[in-house]
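Please open the model in your viewer and keep the sequence panel beside it. The stops below say what to select next and what is to be found there.

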Amino acid sequence: MNPEKLPISQRLTGPPPKYGEPKEVGIFSLTSKGFKFNDTQNLKYYIEPEDKERVRFDLNQGFPEKLVKWKGGGKGLEQKILKWINEAKKADPDILSDVDFVTLRGHLTKVACSPYDRADEWRKLAVTKFNGTLYISAVPYPKATDLEAADSEAADSYSKEDLNDYRGHKFEQHLTADKPGGAPDPNAKIDLNDWFYTVVKSRLNTHNLLFSAEVDARVADDAVAPPACYREMKTYSGTFESWKEETNAYKCRCWAQSHLVGVPKIDVGFYDEAKVRKVNTVESVNISDIAKKHDQDVCMNFCDDFLSYVKRCVTKDSVVYLFRRGQEWDEKTRKREDFVTCEESRNPEHKFLPDWYTSAV
């Protein structure tokens with residue numbers, strides 16, 4: 001194990017590292033039939049409600065009859081950004097020439113929000129270096145829902161996670177259409193295998209990033225280029241007033257998801273008893289001011305520190321390194337402090353770059 005530990009703290013001071021404006025370099029769709037390169041079939045267009053103060057969206061409408069469950073095997077690094085790179089290199093062999101890190105937005109979000117997240121929000125991340133580029137992936141660990149799902153393969157069984165996913169997509173149905181100026185269709189089926197993604201490049205201080213991110217919808221105005229044309233959508237059980245007092249981690253994730261991709265606005269649907277009563281549109285950059293719960297500079301400083309730490313630790317090619325969160329007692333502060341450690345993995349199951357990718361790239 002590398003003896004160096006990276007502290008996780010809300011006390012990070014100093015000006016934030018420069019974060020370059022994200023630039024979209026590609027798109028793709030995921031469907032029940034697989035990966036589709038440079039494809040917009042799952043892109044939706046944002047339709048603003050006539051009166052956002054008085055909406056009545058039933059998030060349970062059509063459940064479970066309208067739900068097409070996720071069939072598995074499509075949410076990881078392999079099915080997303082790696083397949084896009086494999087196709088993109090056919091047109092641009094130098095697509096990775098200036099890239100330090102390849103990953104998913106979700107992993108960067110978890111890292112950036114670490115100072116405000118619980119220690120168990122992410123237990124470990126896997127990193128490997130290949131041809132000079134660092135790849136960051138999740139290391140899955142068993143969850144109760146996973147074990148329950150493994151025990152029941154019946155197509156007519158539904159978990160709480162299925163219902164939560166359905167509700168999120170149902171809210172999006174009320175705010176989107178298949179074409180510009182179209183009408184939302186809340187009676188349509190909800191297929192959890194259908195996704196649209198953007199692929200962006202950006203730079204955090206000295207770190208050049210390439211990552212993919214799910215897109216909920218885009219505005220129809222062609223004068224607004226991606227990724228600034230995209231919109232995020234969230235649901236929240238409660239009122240806008242209670243949302244403002246929500247935990248650091250929740251608010252931080254809402255902000256980071258949008259900030260990293262360059263999405264300027266988030267539509268939040270506030271509901272009780274599965275009925276959305278009001279929709280608020282929030283400027284992403286203003287979430288910290290509304291919540292007064294987390295410091296964006298602290299988040300970006302830690303993300304920068306983490307990526308620098310990864311560069312120092314990952315020295316061998318084609319070896320998987322595990323980055324783990326932990327806690328220990330600090331005599332100076334008289335409380336438990338969070339930190340990240342790094343070690344080489346000896347477990348072949350942690351390998352996440354598939355052979356088809358390493359042989360083609």
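## Starting at a strand pair

Select K265 and E283 to begin: E283, in strand 17, is the bridge partner of K265. Bear in mind throughout that this is a predicted model. Now widen the selection to strand 16 (residues 265-272) and strand 17 (residues 275-283), which pair in the antiparallel sense over eight bridges. These two strands form a hairpin with two residues between them, and E273, which lies in the turn, has a positive phi of about 50°.

## The other neighbour of strand 16

Keep strand 16 selected and add strand 15 (residues 230-237), which pairs with strand 16 in the parallel sense over seven bridges. To find your place in this pairing, pick E232, which stands opposite I266 in strand 16. If you colour strand 16 by accessibility, you will see that this strand is mostly covered, with six of its eight residues buried.

## A glycine in strand 16

Next, centre the view on G269, whose place is in strand 16. Is G269 buried or exposed? Its relative accessible area is 0%, and because a residue counts as buried when that value is under 20%, G269 is buried. Leaving aside its neighbours within four places in sequence, G269 is in contact with F171, K234, T235, Y236, V276, K278 and V279. For a distance check, draw a line from the C-alpha of G269 to the C-alpha of C229: the two residues are 40 apart in sequence and 20 Å apart in space.

## Towards the two ends of the chain

Move on to strand 18 (residues 320-330) and strand 19, which pair in the antiparallel sense over ten bridges. Within this pairing, Y321 stands opposite E344 in strand 19. Strands 18 and 19 form a hairpin with four residues between the strands, and there R334 takes a positive phi near 60°.

Strand 19 (residues 335-344) is also joined to strand 1 (residues 6-8) by three bridges, and strands 1 and 19 run antiparallel. Select I8 to see this junction, since I8 stands opposite D338 in strand 19.

## A hairpin and a helix

Go next to strand 2 (residues 23-31) and strand 3 (residues 34-37), which pair in the antiparallel sense over four bridges. The hairpin that joins strand 2 to strand 3 passes through two residues, and the bridge partner of T31 is G34, in strand 3.

Then select helix 2 (residues 105-112), which is mostly covered, as six of its eight residues are buried. Which residues of helix 2 are buried? They are R105, H107, L108, T109, V111 and A112.

## Zooming out

Finally, clear the selection and show the whole protein chain, which contains nine helices and 19 strands. The radius of gyration of the chain is 21 Å, close to the 21 Å that the globule rule gives for 361 residues, so the chain is as compact as a globular protein of that length. Along its principal axes, the C-alpha trace spans about 55 × 50 × 50 Å.

Buried residues make up 50% of the 361 residues, and among contacts between residues at least 6 apart in sequence, 73% join residues at least 24 apart. With the surface displayed, the chain exposes about 17,800 Å², of which carbon and sulfur atoms supply 46%. Colouring by charge brings up 55 positive and 59 negative side chains, and the centres of these two sets lie 1 Å apart.

Methods
Residues are numbered from 1 along each chain as its sequence is written. This is a predicted model: local features need pLDDT of at least 70, side-chain atom pairs count only at pLDDT 80 or more; totals for chains, interfaces and linings use all residues. Side-chain values use heavy atoms; hydrogens and water are left out. The radius of gyration is taken over C-alpha atoms; the globule rule is 2.2 Å times the number of residues to the power 0.38. Buried means under 20% relative accessible area, exposed over 50%, partly exposed in between (1.4 Å probe, protein chains only). Contact means heavy atoms within 4.5 Å. Accessible areas come from the Shrake-Rupley method with a 1.4 Å probe; for residues, only the protein chains shown count as cover. Lys and Arg count as positive and Asp and Glu as negative; His and the chain ends are not counted. The place of a charge is taken as NZ of Lys, CZ of Arg, CG of Asp or CD of Glu. Two strands pair if DSSP finds at least two bridges between them.
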